[in-house]
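Open the structure in your viewer and keep the selection tool ready. Each stop below says what to select and what is there.

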Amino acid sequence: MWEKLRGKRLMFVGDSLNRGQWISMVCLLQSVIPADKKSMTPNAQLTIFRAEEYNATVEFLWAPLLVESNSDDPVNHRLSERIIRPDSVLKHSSQWEHADILIFNSYLWWRQGPVKLLWSSEENGNCEELDGLGAMELAMGAWADWVASKVIPQKKRVFFVTTSPTHFWSQEWEPGSEGNCYNQMRPITSEGYWGSASDLPTMRMVDKVLSGLGSKVSVINITQLSEYRKDGHPSIYRKFWETLSPQQLANPASYSDCIHWCLPGVPDVWNELIFHFL
Ligand SMILES: *[C@@H]1O[C@H](CO)[C@@H](O)[C@H](O)[C@H]1NC(C)=O
Ligand SMILES: *[C@@H]1O[C@H](CO)[C@@H](O)[C@H](O)[C@H]1NC(C)=O
């Protein structure tokens with residue numbers, strides 16, 4: 001992989017799932033680089049792992065809604081009050097345009113309630129509101145316009161990673177049960193299992209946008225293969241930023257993380273797919 005990356009910038013752009021995939025990539029690659037030949041910049045909107053001898057970087061840009069939004073600070077953001085600038089990818093694209101290999105994702109941040117829109121022409125006007133799917137379609141459209149006009153496939157590789165499944169309702173794989181991913185130790189074995197959280201209308205919209213871009217973008221379709229892995233989430237085994245109450249502690253399922261993935265784990269496989277595309 002380092003030979004493929006020699007002299008290049010590989011950049012992941014997206015939300016915390018994409019950050020997990022970036023960390024997976026750094027973990028897979030960093031151990032062969034001697035300690036004094038590698039560095040990591042502090043956590044910021046753009047975080048960079050650098051391997052000196054290869055003149056290569058593996059970077060992550062926090063841009064959960066792809067277009068410019070009020071959620072662009074990697075720490076200070078609120079999922080509940082999202083305002084996007086649907087016609088502005090410029091602020092972010094100026095940070096990603098010089099990368100040689102780009103890996104985008106976006107999904108979960110569109111899944112909660114309406115999103116406010118602030119068009120450049122209506123700087124001081126009232127914000128319109130749109131449902132998540134409609135807003136995501138606008139953002140994907142702005143992103144696709146950038147890809148269509150700026151990407152030359154011989155010079156730049158662009159990937160889009162599809163929906164990462166969540167496992168919040170065990171009744172979907174075990175009818176009658178009441179849990180979530182907590183204490184799940186084995187993958188789902190029924191072939192073609194598909195959870196309701198992987199929204200099909202969103203998938204169809206993404207399909208349409210991506211197929212319009214032809215060879216300028218490659219799809220890393222991780223959804224089906226990850227659906228089986230109800231056992232792959234960190235559940236209670238992660239750092240929680242807020243103190244957990246006694247009631248929560250008495251009911252571990254209540255605070256289990258069934259969105260992100262343990263490492264080593266599922267995102268390593270997504271990165272192996274990328275490796276084979278390069
Ligand atoms: C290192 O890589 C950058 C691109 O990321 C390139 O512009 C630069 O010329 C390279 N430097 C050397 C010494 O190869
Ligand atoms: C990803 O795969 C699923 C089936 O597993 C399919 O329905 C969907 O259209 C694919 N998405 C893309 C963007 O290729």
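Select Pro264 first; it sits in the loop between helix H7 (246-250) and H8. The model is predicted, and in it a cis peptide bond joins Leu263 and Pro264, with omega about -5°. As background, most peptide bonds are trans.

**Helix H8**

Move along to Glu272, which lies in helix H8 (residues 266-277). Is Glu272 buried or exposed, or something in between? Glu272 is partly exposed, because its relative accessibility is 48%, and the partly exposed class runs between 20% and 50%. Now add Leu28 to the selection. Glu272 and Leu28 are 244 residues apart in sequence, yet their C-alpha atoms are 9.8 Å apart in space.

**Helix H2**

Select residues 16-30, helix H2. The 15 residues of H2 should span 21 Å at 1.5 Å a residue, and its end C-alpha atoms are 20 Å apart, so the two values agree. Color the buried residues of H2; among them are Leu17, Trp22, Met25, Val26 and Leu29. A helix has 3.6 residues a turn, so residues three or four places apart point the same way. Keep that in mind while you look along the helix axis. The buried set of H2 also includes Ser16, Asn18, Gln21 and Ser24.

Next, show the side chain of Asp15. What does Asp15 do at the N-terminal end of H2? Asp15 caps that end: a side-chain oxygen lies 2.9 Å from the backbone nitrogen of Leu17.

**Helix H4**

Select residues 132-150 for helix H4. H4 has 19 residues, which should span 27 Å at 1.5 Å a residue; the end C-alpha atoms are 27 Å apart, so the helix agrees with the expected span. Buried residues in H4 include Met136, Met140, Trp143, Trp146 and Val147. Gly132, Gly134, Ala135, Ala139, Ala142 and Ala144 are also buried. At the start of H4, show Asp131: one of its side-chain oxygens reaches to within 3.2 Å of the backbone nitrogen of Leu133.

**Ligand 1 and Asn55**

Select ligand 1 and show what surrounds it: Gly7, Arg9 and Asn55. A polar side-chain atom of Asn55 lies 2.4 Å from an oxygen atom of the ligand, and a backbone N or O atom of Gly7 lies 3.5 Å from an oxygen atom of ligand 1. Taken alone, ligand 1 exposes 360 Å², and the protein buries 29% of that.

Stay on Asn55, found in the loop between strand S3 (46-51) and S4. Its relative accessibility is 59%, so Asn55 counts as exposed. Check its backbone angles as well: phi of Asn55 is near 50°, a positive value in a residue other than glycine. Most residues other than glycine have a negative phi.

**Ligand 2**

Select ligand 2 next. Which residues are around ligand 2? They are Thr162, Trp194, Asp207, Val219, Asn221 and Gln224. For ligand 2, which taken alone exposes 360 Å², the protein buries 63% of that area. The shell around ligand 2 divides into 2 nonpolar, 3 polar and 1 charged residues. Draw two distances here. An oxygen atom of ligand 2 is 2.6 Å from an N or O atom in the side chain of Asp207, and an oxygen atom of ligand 2 is 2.4 Å from an N or O atom in the side chain of Asn221.

**Three serines in loops**

Select Ser164, in the loop between strand S9 (157-161) and helix H5 (200-211). Ser164 has a relative accessible area of 7% and is therefore buried. Its C-alpha atom is separated by 9.7 Å from that of Leu225, 61 residues apart along the chain.

Ser235 is in the loop between helix H6 (223-227) and H7. Ser235 counts as buried, because its relative accessibility is 5%. Phi of Ser235 is near 45°, a positive value in a residue other than glycine.

Ser71 is in the loop between strand S4 (56-62) and strand S5 (83-84). Ser71 is at 0% relative accessibility and so counts as buried. The side chain of Ser71 makes a polar contact with the side chain of Asn70, at 3.3 Å.

**Zoom out**

Show the whole protein to finish. There are 8 helices and 10 strands. The radius of gyration is 19 Å, close to the 19 Å that the globule rule gives for 278 residues, so the protein is as compact as a globular protein of that length. The C-alpha trace spans about 55 × 50 × 40 Å along its principal axes. Of the 278 residues, 48% count as buried.

Terms used: Residues are numbered from 1 along each chain as its sequence is written. Chains are lettered from A and ligands numbered from 1 in the order in which they are written. This is a predicted model: local features need pLDDT of at least 70, side-chain atom pairs count only at pLDDT 80 or more; totals for chains, interfaces and linings use all residues. Side-chain values use heavy atoms; hydrogens and water are left out. A residue is near a molecule or strand if one of its heavy atoms lies within 4 Å of it. A polar contact is a pair of N or O atoms within 3.5 Å; within protein, one must be able to donate a hydrogen and the other to accept it, and residues adjacent in sequence count only if both atoms are side-chain atoms. Accessible areas come from the Shrake-Rupley method with a 1.4 Å probe; for residues, only the protein chains shown count as cover. Ala, Val, Leu, Ile, Met, Phe, Trp, Tyr, Cys and Pro count as nonpolar, Asp, Glu, Lys and Arg as charged, and the others, Gly among them, as polar. Helices (H or I, at least four residues) and strands (E, at least two) are DSSP runs, numbered from the N terminus. Buried means under 20% relative accessible area, exposed over 50%, partly exposed in between (1.4 Å probe, protein chains only). The expected span of a helix is 1.5 Å times one less than its number of residues. The radius of gyration is taken over C-alpha atoms; the globule rule is 2.2 Å times the number of residues to the power 0.38.
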